Amino acid sequence: MCRSVFVQCIAVALLALAVQGRTTSGIASDQVDRYELDPPLALRLSRFASTSNLEEALDYSETIFEKSKRLEGSLAAGSRGKVVKGGSTYAQILDGYPTPSTQQQDLLARKVLRASSFFVNRHCIPNGISSYECGLYLSGTQLPSSTIGDQCRSLIASKEYNDEYRRLLPALYDDGVYAFRRSTTGAELPLARQVSSRFHTAWKNQEPLDSTRSVALVQWTQFIEHDLAKTTVQTMHDGTDIECCSGDHGQLLPRYRHPSCKPMQVPEDDPYYQTYRATCLNYVRSALSLGGDGCHLGPANQLNQATNRLDLSQLYGSLANDTKLLRAGKGGRLRAQLYDSAEYLQQADNDRLCVTDPNLETVCYDSGDTRVNVNPYITLLHTLFLRSHNRLAKHLALLRPSWTDDQLFAAARTVNTKLYQKIVREWLTAVAGERATRTSQPTAPQDGRVSNEFATAAIRFYSTMMPGEISNALGSYDLEHLFYRPKDLRKRDYFAHLVGSVLGQNAMSLDTAYVDDMAHLLFGVRNVGLDVLALDIQRGRDHGLARYTDYYTLCNGKPVTGWADLERALKPDDLEMIRASYATVHDVDLIVGAIAEWPVAGATVGPTLSCLIREQIDNSLDKAHEPQDSATPVALRADRVEAVLAEYSAARFMCDTAQVDRVQRDIFRVPSDDNPQIRCAQLPALDLARLV
């Protein structure tokens with residue numbers, strides 16, 4: 001497995017790309033993902049990239065944009081393709097809820113993308129230059145002074161942080177900039193739903209449990225995902241949401257389908273959906289970013305609405321104004337509702353963050369991320385970290401009564417974030433193995449962004465481990481009825497039920513089997529929901545991720561030339577199904593190959609996922625990427641914070657926030673003879689007096 005030689009492994013992976021007919025050499029260290037081309041080719045392309053040719057491309061883009069506005073007007077006025085609040089598409093939108101600023105940036109980025117596409121088709125293809133090579137060249141080509149160029153530079157200058165995903169390997173689009181990749185045979189790739197359906201059918205009604213890992217591991221994985229990644233969706237130019245399927249999940253005629261649509265087609269004989277005559281699952285393409293290091297042409301890269309650091313942005317918000325709205329304004333606390341001597345998340349001012357259901361009693365909560373209500377496990381963890389922050393603020397106020405609200409808030413937030421990072425390290429060991437916290441895998445220097453590969457595929461492994469029921473010894477709740485339909489956490493029995501499930505319920509095993517709630521009932525209404533694996537496959541293609549074999553080579557240093565090279569890496573039954581799904585080994589999608597790998601010894605995931613996850617977490621925990629904010633109202637010495645937290649654990653965190661008096665030392669494993677539950681008093685507590 002590649003560790004300290006990560007950069008060398010990238011070179012090996014790029015060589016593998018070249019073997020498959022795509023030429024690239026060397027690694028650039030700039031932040032626009034430009035990989036060096038052969039000098040003669042680069043010189044030839046530079047002659048095409050004259051100011052006049054680039055201006056022509058931008059003018060064309062403006063013309064197309066005005067035409068698209070007229071198309072959107074007719075779509076919005078019609079009765080087809082309307083987003084229904086309470087439907088699965090509305091829940092999808094909540095999962096990637098766009099803001100006015102991200103919508104503005106996406107629209108401008110799409111203009112730049114159209115100009116890139118125009119350049120490829122006008123100057124590269126007619127001159128025998130591959131679209132892939134042309135796209136690589138354009139990724140380092142700055143926009144000339146123009147209306148679009150000036151708007152782009154102004155928008156980038158106003159950003160609080162660089163919200164563009166980085167890439168470990170170059171984008172792989174069929175047209176070099178945006179079209180879904182095709183099979184290496186030249187044909188279309190298999191439908192995302194066809195691939196996932198083959199796995200679901202093969203497993204039939206089997207839902208194997210992980211014998212040792214608890215639901216806490218699933219819960220924390222999704223919570224960490226929400227901290228580091230929030231891929232938002234495209235909208236119409238006026239912010240109107242886009243629907244890509246008919247109200248009964250049928251295909252829309254092309255004239256009624258928005259250009260941003262790339263719905264997942266479902267075969268008419270699908271083993272599940274045929275019963276409900278569903279042939280279309282909604283998918284709107286992800287919003288695009290302009291980056292943060294100059295305005296450039298090139299392949300699409302997606303926008304990350306979360307921050308790049310492990311900073312609890314899902315609790316505090318990603319932007320300064322978001323944080324301000326969540327604060328109580330006194331005592332350094334976050335806003336909360338007090339009920340029966342315990343604190344809970346504040347209720348949302350309206351129900352926009354939930355899928356309303358007249359048949360269910362729901363309580364819609366508010367926090368720093370619109371996904372707070374996605375499922376009860378996430379709502380619970382938001383609640384626990386809210387309690388943790390306010391508990392810290394209260395104790396700090398007793399120790400330093402002269403501190404202002406701003407000082408107390410900053411100090412409590414710092415300690416809360418640091419203890420969260422401490423638990424993330426525990427989680428990383430449980431997921432990627434013991435060596436995960438000892439081995440560094442460097443990437444491009446001074447680049448603290450989140451990788452597209454991590455956000456779009458690697459961290460998504462938890463979906464296969466998600467149980468379909470929230471269970472404990474007293475009963476269970478079906479998960480399918482709770483997506484964005486939260487129950488009232490203030491009910492003691494329900495709160496205790498959730499905590500008991502997190503600590504005591506076995507997670508599902510990491511494999512290609514998904515429970516029904518994730519396989520075809522995600523965000524579902526009347527028995528028809530989304531297929532999470534098909535959704536992940538579709539999103540990977542939308543984001544231009546390279547192939548599984550490229551990342552296998554990247555992480556393991558071993559080029560893949562045929563199916564035989566994967567016989568020891570993938571589980572036999574899964575390899576057989578994958579071979580039946582894809583025309584060649586170099587067609588396999590990253591998420592599909594990665595979840596089929598044998599796990600690393602002592603880890604939850606296989607070597608490719610371990611590599612991609614470890615690389616990102618190490619990068620996000622790198623102190624070099626922490627913001628240097630001289631305006632912080634109070635400074636806490638880093639060495640003191642680390643000393644206070646040295647023995648703090650996830651188990652103690654549950655004791656401090658979840659109203660339990662006993663817990664197992666390793667919450668990411670279910671209680672057992674070698675992981676027994678112990679009294680909370682036996683676990684080291686925080687001594688904040690040593691901090692201030």
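A residue is termed buried when its relative accessible area is under 20%, exposed when that value is over 50%, and partly exposed in between. These terms are applied below to a predicted model, beginning with its aromatic residues.

A pair of aromatic rings is described by the distance of the centres and the angle of the planes. The structure contains 19 aromatic pairs. One of them is formed by Trp220 and Phe653, whose ring centres lie 6.4 Å apart and whose planes meet at 75°, an edge-to-face arrangement. This pair connects distant parts of the chain, with the two positions 433 residues apart in numbering. Trp220 belongs to helix α9, which spans residues 215–228, and Phe653 to helix α23, which spans residues 650–657. Trp220 has a relative accessible area of 0% and is therefore buried. Phe653, with a relative accessible area of 1%, is likewise classed as buried because its value is under 20%.

A second pair is formed by Tyr272 and Tyr276. The centres of these two rings are 5.5 Å apart and the planes stand at 45°, so the pair is described as tilted. The angle is neither under 30 degrees, as stacking would require, nor over 60, as an edge-to-face pair would require. The accessibility of the two partners falls into separate classes. Tyr272 has a relative accessible area of 18% and therefore counts as buried, whereas Tyr276 reaches 32% and is therefore partly exposed.

Aromatic residues also assemble into a group: Trp220, Phe223, Phe385, Tyr420, Phe653 and Phe668 make up one aromatic cluster. The edge-to-face pair of Trp220 and Phe653 thus has both its members in this cluster. Positively charged side chains are placed over aromatic rings as well. Lys111 is located over the face of Phe65, 4.3 Å from the ring centre, and Lys262 is located over the face of Phe180, 4.9 Å from the ring centre.

Charged side chains also pair with one another, and the structure holds 31 salt bridges. Glu225 and Arg460 are joined by one of them, with an N to O distance of 3.1 Å. Here too distant parts of the chain are linked: Glu225 lies in helix α9, while Arg460 lies in the loop between α14 (452–456) and β6 (469–472), 235 residues away in sequence. Glu225 is buried, because its relative accessible area is 6%, and Arg460 is buried at 9%.

Arg460 takes part in a further salt bridge, with Asp536, at an N to O distance of 2.9 Å. The two residues are 76 residues apart, Asp536 being situated in helix α17 (residues 532–542). Both of these partners are buried. A contrasting case is the salt bridge between Asp666 and Arg669, in which the closest N and O atoms are 3.0 Å apart. Asp666 is partly exposed, with a relative accessibility of 22%, and Arg669 is partly exposed at 25%. Through shared partners, salt bridges unite Glu225, Arg460, Asp536 and Arg539 in one network.

A final site concerns Leu360, which occupies the loop between β5 (342–344) and α12 (376–399). Its relative accessible area of 33% places Leu360 in the partly exposed class. When neighbours within four places in sequence are set aside, Leu360 is in contact with His481 and Arg485. Leu360 and Arg485 are separated by 125 residues in sequence, yet their C-alpha atoms are 7.8 Å apart in space.

Conventions: Residues numbered from 1 in each chain as written. Predicted model: local features only at pLDDT ≥ 70, side-chain atom pairs only at ≥ 80, totals over all residues. Heavy atoms only, no water. Phe/Tyr/Trp six-rings, centres within 6.5 Å; stacked < 30°, edge-to-face > 60°. Helix = DSSP H or I, 4+ residues; strand = E, 2+ residues; numbered from the N terminus. Buried < 20%, exposed > 50% of the residue type's maximum accessible area, 1.4 Å probe, protein only. Lys NZ or Arg CZ within 6 Å of the ring centre and 35° of its normal. Salt bridge = Lys/Arg side-chain N within 4 Å of Asp/Glu carboxyl O. Contact = heavy atoms within 4.5 Å.
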